[in-house]
Amino acid sequence: MLTHNVAAPSSLCPILSNDWHFHVSDQLIFPHNLNPNLFWRASRKIKGCRLKASFWESIRSGILKNNTTQIVEPPSTLEEEEEPLPDEFVLVEKSQPDGEIEQIIFSSGGDVDVYELQALCDKVGWPRRPLSKLAAALKNSYMVAALHSVKKLPGSEGNEQKRLIGMARATSDHAFNATIWDVLVDPSYQGQGLGKAMVEKMIRTLLQRDIGNITLFADSRVVEFYRNLGFEPDPEGIKGMFWYPRY
Amino acid sequence: MLTHNVAAPSSLCPILSNDWHFHVSDQLIFPHNLNPNLFWRASRKIKGCRLKASFWESIRSGILKNNTTQIVEPPSTLEEEEEPLPDEFVLVEKSQPDGEVEQIIFSSGGDVDVYELQALCDKVGWPRRPLSKLAAALKNSYMVAALHSVKKLPGSGNEQKRLIGMARATSDHAFNATIWDVLVDPSYQGQGLGKAMVEKMIRTLLQRDIGNITLFADSQVVEFYRNLGFEPDPEGIKGMFWYPRY
């Protein structure tokens, strides 16, 4: 149901009141002025709240595994006003010695191929679900976020290999509540902060749409993962309950 | 967020496998052949599972507070095959000495007036929410269940209809559903109406093959939902909220 073992400390700054808008610049994930020697300056203006630098440190150290990796800025301009997040942008870009470039692209437009998704669910070891129901679930989710890996050789006439490597979706009443389901990242791409980035983006998008109550159900092994993203279990004794759960 | 203090024991029979269909007759809530002396026979065929009689006992004892109350059958025929639940039917009917008849009607068609809902939320003491958002939430819920009280004097043709309860569920239409905003007018609480409403929702969701039904319960109502078959933290799965506001 949920990603495994993506380790990262710290958490997002809390929202303090109902009317409080979570204004962020897209530099939240993409610090600019990145130098090859890994010096970077996170310059982000958040109305009333400053995200903890350690959060971004953790993303950075997870993503930047070698010198050829660059953090790429999303294709949008920065403004002081609330900035709608672009539907799709590059999270990470890596160059191989042979010149091949791999980009990890985040998208929230719901462009997930159900066959690819089925294969990904198999890969992480989830029980098989009927394809038609998977398709219905995607279609009827309020938001479907995806991570794709795009590999290309420069000068190869634009040949590129695009693969689904992560997904998360949320149901919602479009007004008050959202529940995040089915968070998964390809095991070959885990441990790099991608799952964290994906969920963090979802949260931000939901908040921008003024959906203030964001919930999920976490397996015991991933409770810490979500705690680090700002989630809290059983606040004030509120219990998540399941009708006759099947083990 | 959720109803208060509706006491009732027992629980629904568990679903045993993924392919298992929850076939019920509409007599689940409406035992037929009800005699004024309160003898009733619950005759229900459920494929592979028999609901516990004590559950219906508890509903009955909650609803039948005096001799003038009758349990009314829903307007549908009974078949051995899976029966789609009618969108709307009478849960309870009461007669006053002056001849006034009050019916409590359950509906799952989403016919909830947003102004009435706002008034009901005020009545149970919930914090105010913007009307436009309430309307959007109703519109974008997979299922909206309601309880209405309809009062009429025979021969007058006038009837007074009031919203007295509501519950809604979001869903991905395939695997998961989450129940939100369960509420019953305080004047009508303690009669098993909230239980009946949620039970109907569950049944409808199961009929639509949505196997994972979830909700978040305030600590004071965890028992209420346990009695309906819900379990907190199964296998250590925790419900989590993003920076909850107290």
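# Chatting through a two-chain model

Mentor: Let's start where the chains meet: across the interface of chain B and chain A there are 24 residue pairs in polar contact, both residues at pLDDT 80 or more. A polar contact is a pair of N or O atoms within 3.5 Å; within protein, one must be able to donate a hydrogen and the other to accept it, and residues adjacent in sequence count only if both atoms are side-chain atoms.

Trainee: Okay! Which elements give two or more residues to the side of chain B that touches chain A?

Mentor: On chain B they are α3 (131-139), β5 (159-171), β6 (176-184), α4 (193-207), β7 (212-217), α5 (222-226), β8 (230-232) and β9 (238-242). Helices (H or I, at least four residues) and strands (E, at least two) are DSSP runs, numbered from the N terminus. β7(B) gives the most to that side, with six residues.

Trainee: Before I get lost, what should I know about the model and its numbering?

Mentor: This is a predicted model, where local features need pLDDT of at least 70 and side-chain atom pairs count only at pLDDT 80 or more, while totals for chains, interfaces and linings use all residues. Residues are numbered from 1 along each chain as its sequence is written, chains are lettered from A and ligands numbered from 1 in the order in which they are written, and side-chain values use heavy atoms, with hydrogens and water left out.

Trainee: Got it. How many residues does the contact take from chain B and chain A?

Mentor: The contact takes 60 residues from chain A and 60 residues from chain B, with contact meaning heavy atoms within 4.5 Å. About 5500 Å² is buried between the two chains, and carbon and sulfur atoms give 61% of that area. Buried area is the accessible area (1.4 Å probe) that two parts lose on being put together, summed over both.

Trainee: And which three residues supply more than any other three of the area that chain B buries?

Mentor: Those are M240(B), W242(B) and Y243(B), supplying 18% of the area that chain B buries against chain A.

Trainee: New topic: charges. How many salt bridges are there between chain B and chain A?

Mentor: Six salt bridges are counted between chain B and chain A, and a search of the whole structure finds 27 over all chains. A salt bridge is a side-chain nitrogen of Lys or Arg within 4 Å of a carboxyl oxygen of Asp or Glu. Try D173(A) and R168(B): their closest N and O atoms are 2.9 Å apart.

Trainee: What else does R168(B) meet in a salt bridge?

Mentor: R168(B) also meets D181(B), at 3.0 Å from N to O. D181(B) is in strand β6 of chain B and R168(B) in strand β5, 13 residues apart. R168(B) is buried at 1% relative accessibility, and D181(B) is buried at 4%. Buried means under 20% relative accessible area, exposed over 50%, partly exposed in between (1.4 Å probe, protein chains only).

Trainee: Cool. Which residues are linked in a network of salt bridges?

Mentor: The network links R129(A), R169(A), D182(A) and D172(B). Within it, R129(A) and D182(A) meet at 3.1 Å, N to O. R129(A) sits in the loop between α2 (114-123) and α3 (131-139) of chain A, while D182(A) is in strand β6 (residues 177-185) of chain A, 53 residues apart.

Trainee: Is R129(A) buried or exposed?

Mentor: R129(A) counts as buried because its relative accessibility is 19%. Its partner D182(A) is buried too, at 5%. R129(A) also lies over the face of F175(B), at 4.5 Å from the ring centre. For that, NZ of Lys or CZ of Arg must be within 6 Å of the ring centre and within 35 degrees of the ring normal.

Trainee: Rings, nice! How many aromatic pairs are there over all chains?

Mentor: The whole structure has 13 aromatic pairs over all chains. F225(A) and Y226(A) are edge-to-face because their ring centres are 4.8 Å apart and their planes at 90°. Rings of Phe, Tyr and Trp (its six-membered ring) pair if their centres lie within 6.5 Å; planes under 30 degrees apart count as stacked, over 60 as edge-to-face and the rest as tilted.

Trainee: What lies over the face of F225(A)?

Mentor: K196(A) does, at 4.9 Å from the ring centre. F225(A) is buried, with a relative accessible area of 4%, and Y226(A) is buried at 0%.

Trainee: Last one: which residues do ring pairs link into a cluster?

Mentor: Ring pairs link W181(A), F217(A), F242(A), W180(B), F216(B) and F241(B).
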